[in-house]
Amino acid sequence: QVQLVESGGGLVLPGGSLTLSCAASTSISSLSLMGWYRQAPEKQRELVAQITRYDNTQYADSAAGRFTISRDTTKNQVHLRMTNLKPDDTAVYYCAARARASTNPWDYWGQGTQVTVSS
């Protein structure tokens, strides 16, 4: 069972930046896909960004141009750099991963980290 642990959330002013990190308990080279989701109060969980083991990336329209997802294979971490944050970005952010041989959309989830954008 792969464990994912998020960190880096917090309170930030509108226009500010944050970097979220997701540490995996296994080599991320064994994971075909990793991503970040978010869930705001009373809203459905939505995909923010994802990255393949070949470092191909994909972003939600709301994140494109402001967020950057990246992998660090030396530390087995995935990062989400968020800039120009808006109050609408307030949510719990979850890390997710898919095993290489899996046919599931996602196999593993972290517990989430809260991001609050407010003045």
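This is a short exchange about how some labels in a predicted model are justified.

Colleague: Why is Ser 32 called buried?

Modeller: Its relative accessible area is 16%. Buried means under 20%. Ser 32 is therefore buried.

Colleague: Where is Ser 32 placed?

Modeller: In strand S4, residues 31–39.

Colleague: What does Ser 32 touch, not counting residues up to four places away in sequence?

Modeller: Ser 32 touches Ile 51, Thr 52, Arg 53, Arg 98, Ala 99 and Arg 100. Contact here means heavy atoms within 4.5 Å.

Colleague: What makes the approach of the Ser 32 side chain to the backbone oxygen of Ala 99 a polar contact?

Modeller: The side chain of Ser 32 reaches that oxygen at 3.4 Å. The cut-off is within 3.5 Å, for a pair of N or O atoms where one can donate a hydrogen and the other accept it. The distance therefore meets the cut-off.

Colleague: How do you know that S4 and S9 pair?

Modeller: Two strands pair if there are at least two bridges between them. S4 and S9 have eight, in the antiparallel sense. Leu 33 stands opposite Arg 98 in S9.

Colleague: Which strands besides S4 pair with S9?

Modeller: S11, residues 113–117, pairs with S9 in the antiparallel sense over three bridges. Ala 91 stands opposite Val 115 in S11. S10, residues 108–109, pairs with S9 over two bridges, also antiparallel. The definition asks for at least two bridges, so S10 qualifies. Ala 97 stands opposite Tyr 108 in S10.

Colleague: Why is S9 called largely enclosed by the rest of the structure?

Modeller: Because seven of its nine residues, 91–99, are buried.

Colleague: Why does Asp 55 count as partly exposed?

Modeller: Its relative accessibility is 44%. Partly exposed lies between the buried limit, under 20%, and the exposed limit, over 50%. Asp 55 therefore falls in that class. Asp 55 sits in the loop between strand S5 (46–52) and strand S6 (57–59).

Colleague: What makes the phi of Asp 55 worth a remark?

Modeller: Phi of Asp 55 is near 70 degrees, a positive value in a residue other than glycine. Most residues other than glycine have a negative phi. Asn 76 also has a positive phi, about 55 degrees, and is not a glycine. Asn 76 lies in the loop between strand S7 (67–72) and strand S8 (77–82).

Colleague: How do the residues lining the largest pocket divide?

Modeller: Two are nonpolar, four polar and seven charged. The lining has 13 residues, with Arg 38, Ala 40, Lys 43, Glu 46 and Asp 88 nearest the pocket centre. The volume is about 190 Å³.

Methods. Residues are numbered from 1 along each chain as its sequence is written. This is a predicted model: local features need pLDDT of at least 70, side-chain atom pairs count only at pLDDT 80 or more; totals for chains, interfaces and linings use all residues. Side-chain values use heavy atoms; hydrogens and water are left out. On a 1 Å grid over the protein atoms alone, a cavity is a set of points where a 1.4 Å probe fits but cannot get out, and a pocket is an open set with protein on both sides within 12 Å along at least five of seven lines; lining residues have an atom within 4 Å of a point. Grid points are joined across faces, edges and corners, and a volume is the space filled by probe spheres set on the points. Ala, Val, Leu, Ile, Met, Phe, Trp, Tyr, Cys and Pro count as nonpolar, Asp, Glu, Lys and Arg as charged, and the others, Gly among them, as polar. Helices (H or I, at least four residues) and strands (E, at least two) are DSSP runs, numbered from the N terminus. Buried means under 20% relative accessible area, exposed over 50%, partly exposed in between (1.4 Å probe, protein chains only).
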